[in-house]
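Q: I should like to learn how to read a protein structure, one feature at a time. May we work through an example together?

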Amino acid sequence: MQRKAYVPGLAALLVALLAGCTADSGTEGSAIDSKAGKSTSSVAQPGKYRTLREPCGSVPGSTLKDLLPGAAELPEEQRQKIFRGTSAVTYDTDRRVGCSWKADSPDASHHLSVDFERVVSYDGAVSDDDRAQEVFATKQDAANLPIPANSAATDADGKQSLVSPPPTPATSKPATGTPSGTPSGTPSGTSTSTDGLQPRVLDDLGDAAFLDDVLTGAGAGSTAQRRTVSVVFRTSNVIVTIVYGEQAARTTEIPDSKELQDKARSLARKLAEEFSG
C-alpha cells in the first residue's frame, strides 16, 4: 500500500517541476521580446525628403514675370538671362541649395531669392522632422515676430487670459504699410490699412510657417525705402525660405506691403505643392 501511495506522489512532484521550468522559460522569452520591442520603437524615423529640388528651375517663368516686372521691358536675351537666376554657392547640394533673381525698372528694382534646406538629425533618438522643427523654431525666434493683439496666454494655474502686445521699442523694425501723411506709390483711394499685414505666423502653409516684413533705408546718404518680405515654411524635414523685396526709384514712395506679401505667399504655396507632389 505504501508503494502505491509513493508513486503518484513522485509523479505529481515531476509535473510541478516541469511546469515551473516551462513558466520560467516563457518569462525569460517575454523579457527578451519586450527589450527588442523597445529598441525597435526608439529608433527615430528618417525625413520624407532625401534630395532637394533644383532651385533656379523651381519658379515658373510666368511667376518670374509677375515678380520681376522690370524684366518685361528688356530684350529677349537679357530677359532670359535674368530668368535663369544665379545659383547660391553651397558646399553640399544634397543639404542646401538656393537661387536669386534681380530686375530693375524705371519705377523700382525687385529682388527674389529662394533657399531650400534639408535637415538631417544625427541623433538616433531624434527624427529628421523633429530636428527640422527645432531649426525652424530658431528661425522664427530670430524674426522676433510681434505678439498678436488679444492673444491667449497661459498662466501658472493653466488658465488662459487675454494679453496685449508690449509697447514697440524705438529700435524695433518699422511697421508695415504707409505712414500717415507720407507720399507713397499707393493709388489714391486705396486703403493703406496695416490690419493683417504685420509679421505673423501663417497657419495655411506646410507643417509650420511665418511671414516677416521689414522696411529699411536703402543705404547711407539715401532716403529711398526698401521693403523685404520673407516667407519661411517647413514641410517634413525641408525648410524653404523665400525673400522678396522692392526698392522704389523715387524717395517719396514706399513699397506696398500687401502686394509684396501676396506675391511672396503665392510663390510659397506653389513651392509647397511641388514638394508635396
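Q: Is D204 buried, partly exposed or exposed?
A: One reads this from the relative accessible area: under 20% is buried and over 50% is exposed. This model is predicted. In it, D204 has a relative accessibility of 45%, and therefore counts as partly exposed.

Q: With which residue does D204 form a salt bridge?
A: To find a salt bridge, one looks for a side-chain nitrogen of Lys or Arg within 4 Å of a carboxyl oxygen of Asp or Glu. The partner of D204 is R265, and their closest N and O atoms are 3.1 Å apart.

Q: Which parts does this pair tie together?
A: D204 belongs to the loop between β6 and β7, while R265 lies in helix α5 (residues 257–276), so the salt bridge joins parts that are 61 residues apart in sequence.

Q: How many residues lie between β6 and β7 in their hairpin?
A: There are five residues between the two strands, and G206 in the turn has a positive phi of about 60°. Strand β6 (residues 200–202) pairs with β7 in the antiparallel sense over three bridges. As an example of bridge partners, R200 is matched with L211 in β7.

Q: With which strand does β7 pair over 10 bridges?
A: That strand is β8 (residues 225–235), and the pairing is antiparallel. Here T216 stands opposite R226 in β8. Strand β7 (residues 208–217) is mostly covered, with seven of its 10 residues buried.

Q: How far apart in helix α5 are E259 and K263?
A: They are four residues apart, which means a separation of about one helical turn. E259 and K263 form a salt bridge, with closest N and O atoms 3.2 Å apart. Accessibility can then be read for each partner: E259 is partly exposed at 39%, whereas K263 is buried at 16%.

Q: How many salt bridges does the structure hold?
A: The structure holds 14 salt bridges. One of them joins K139 to E117, with closest N and O atoms 3.9 Å apart. This pair links distant parts of the chain, 22 residues apart: K139 is in helix α4 (residues 128–143) and E117 in strand β3 (residues 108–118). K139 is partly exposed at 26% relative accessibility, and E117 is buried at 17%.

Q: Which residues are linked with K139 and E117 in a network of salt bridges?
A: When reading salt bridges, one should also look for further partners. In this network, R96 and D115 are linked with E117 and K139.

Terms used
Residues numbered from 1 in each chain as written. Predicted model: local features only at pLDDT ≥ 70, side-chain atom pairs only at ≥ 80, totals over all residues. Heavy atoms only, no water. Buried < 20%, exposed > 50% of the residue type's maximum accessible area, 1.4 Å probe, protein only. Pairing = 2+ DSSP bridges.
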